[in-house]
Amino acid sequence: MLKYSLMPPDRPTTLGDELGQIRNYVKIQTELFETELETVFEVDPEAEDGEILRSLLQPLVENVFVHAFRNRISHKILMIKAGRQEDLLEIEIADNGCGMSEERVSKILGSSGTSQLQRNDGRDSLGVSSVIRRIKLMYGAPYRLEMDSELNAGTTMRLILPFRNVEKKGLEVC
């Protein structure tokens, strides 16, 4: 995990490699902090060779542990789905955590400008904002992060990215 995280974040990797890091991260979280966590990965094998920015998923998965599961003691579910839809790579990260209001979701999705979104403890929340900014800078419209949430029912974050096959571009994969 350390070697992977030290690579430049703008250096692309495959979805398969990125999900490998997410599996490692979830394993560490589970061993250290989590009880009764069910993790489900549903990944289309064709999508695994798709190009993705390094460390794009980790802040979103980290938010599940920091925010969504903060008050949930048992039966935590984290589901990660990924697939190719023609020329799109779609990745979904869903949880059954505490959820958010529509107003909060709007603030988060609109926070990629100059203002910082503040967490409940007064510190700046940069993870999701960073993901949104990186998508805008590297891919532009129509690519994006979408978010659906319902209080006490969970949140689904959906990344809509261009599908580019890493092998065809000849990029080095670690």
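So, R23 sits over the face of F41, 4.2 Å from the ring centre. Keep in mind as I go through this that we're looking at a predicted model.

Let's stay with rings for a moment. How many aromatic pairs does a search of the whole structure find? It finds 3. Take Y25 and F65: they pair edge-to-face, with 5.9 Å from centre to centre and 70° between the planes. Now, Y25 belongs to helix 2, residues 15-32, and F65 to helix 3, residues 58-68, so this pair ties together parts of the chain that are 40 residues apart in sequence. Are these two rings buried or exposed? Y25 has a relative accessible area of 11%, so Y25 is buried. F65 comes out at 8%, and that counts as buried too.

F65 also has a second partner. F65 and F69 form an edge-to-face pair, 6.0 Å centre to centre, with their planes at 80°. F69 has a relative accessibility of 3%, which puts this ring in the buried class as well. Put it together and you get one aromatic cluster, made of Y25, F65 and F69.

Okay, let's zoom out to the helices that carry those rings. Helix 2 and helix 3 pack at an angle of about 25°, and their axes are 10 Å apart. With an angle under 35 degrees counting as roughly parallel, helix 2 is roughly parallel to helix 3. The crossing of these two is right-handed. Which residues meet there? On the helix 2 side you have E18, I22, Y25, V26 and Q29, and on the helix 3 side Q58, V61, E62 and F65. Notice that Y25 and F65 are on that list, and they're the edge-to-face pair I started with.

Helix 3 has another neighbour, helix 5, which covers residues 127-138. Those two pack at about 155°, with axes 8 Å apart. Why do I call them roughly antiparallel? Because anything over 145 degrees falls in that class, helix 3 and helix 5 are roughly antiparallel to each other. Their crossing is left-handed. The contact is made by P59, L60 and N63 from helix 3, together with G127, V128 and V131 from helix 5. So for helix 3, we have a right-handed crossing with helix 2 and a left-handed one with helix 5.

Next, a lysine you might want to click on: K76. Where is K76 found? It's in strand 4, residues 76-85. Is K76 buried or exposed? Its relative accessible area is 6%, so K76 is buried. If you leave out residues up to four places away in sequence, K76 touches E34, T35, E36, L37, E38, F69 and N96. F69 there is the ring from our aromatic cluster.

Now a few backbone oddities. Most residues other than glycine have a negative phi, and most peptide bonds are trans. H75 has a positive phi, near 45°, and isn't a glycine. H75 lies in the loop between helix 3 and strand 4, and with a relative accessible area of 45% this histidine is partly exposed. S55 is another non-glycine residue with a positive phi, near 60°. You'll find S55 in the loop between strand 3, residues 51-53, and helix 3. At 26% relative accessible area, S55 is partly exposed.

And then there's a cis peptide bond. Which one is it? The bond from A141 to P142, with omega near 10°. P142 sits in the loop between helix 5 and strand 8, which is 144-150.

Last, the overall picture. The chain has 6 helices and 9 strands. Of its 174 residues, 44% count as buried. As for contacts with a separation of 6 or more, 71% of them are between residues 24 or more positions apart. The Y25 and F65 pair is one example of a link across the sequence, tying together parts 40 residues apart.

How values were computed
Residues are numbered from 1 along each chain as its sequence is written. This is a predicted model: local features need pLDDT of at least 70, side-chain atom pairs count only at pLDDT 80 or more; totals for chains, interfaces and linings use all residues. Side-chain values use heavy atoms; hydrogens and water are left out. Rings of Phe, Tyr and Trp (its six-membered ring) pair if their centres lie within 6.5 Å; planes under 30 degrees apart count as stacked, over 60 as edge-to-face and the rest as tilted. Helices (H or I, at least four residues) and strands (E, at least two) are DSSP runs, numbered from the N terminus. Buried means under 20% relative accessible area, exposed over 50%, partly exposed in between (1.4 Å probe, protein chains only). A charge sits over a ring if NZ of Lys or CZ of Arg is within 6 Å of the ring centre and within 35 degrees of the ring normal. Axes are lines fitted to C-alpha atoms, for helices over the stretch in contact, and angles run from 0 to 180 degrees between N-to-C directions. Angles under 35 degrees count as roughly parallel, over 145 as roughly antiparallel, 65 to 115 as roughly perpendicular and the rest as oblique. A crossing is left-handed if the near helix is turned anticlockwise from the far one by less than a right angle, and right-handed if clockwise. Contact means heavy atoms within 4.5 Å.
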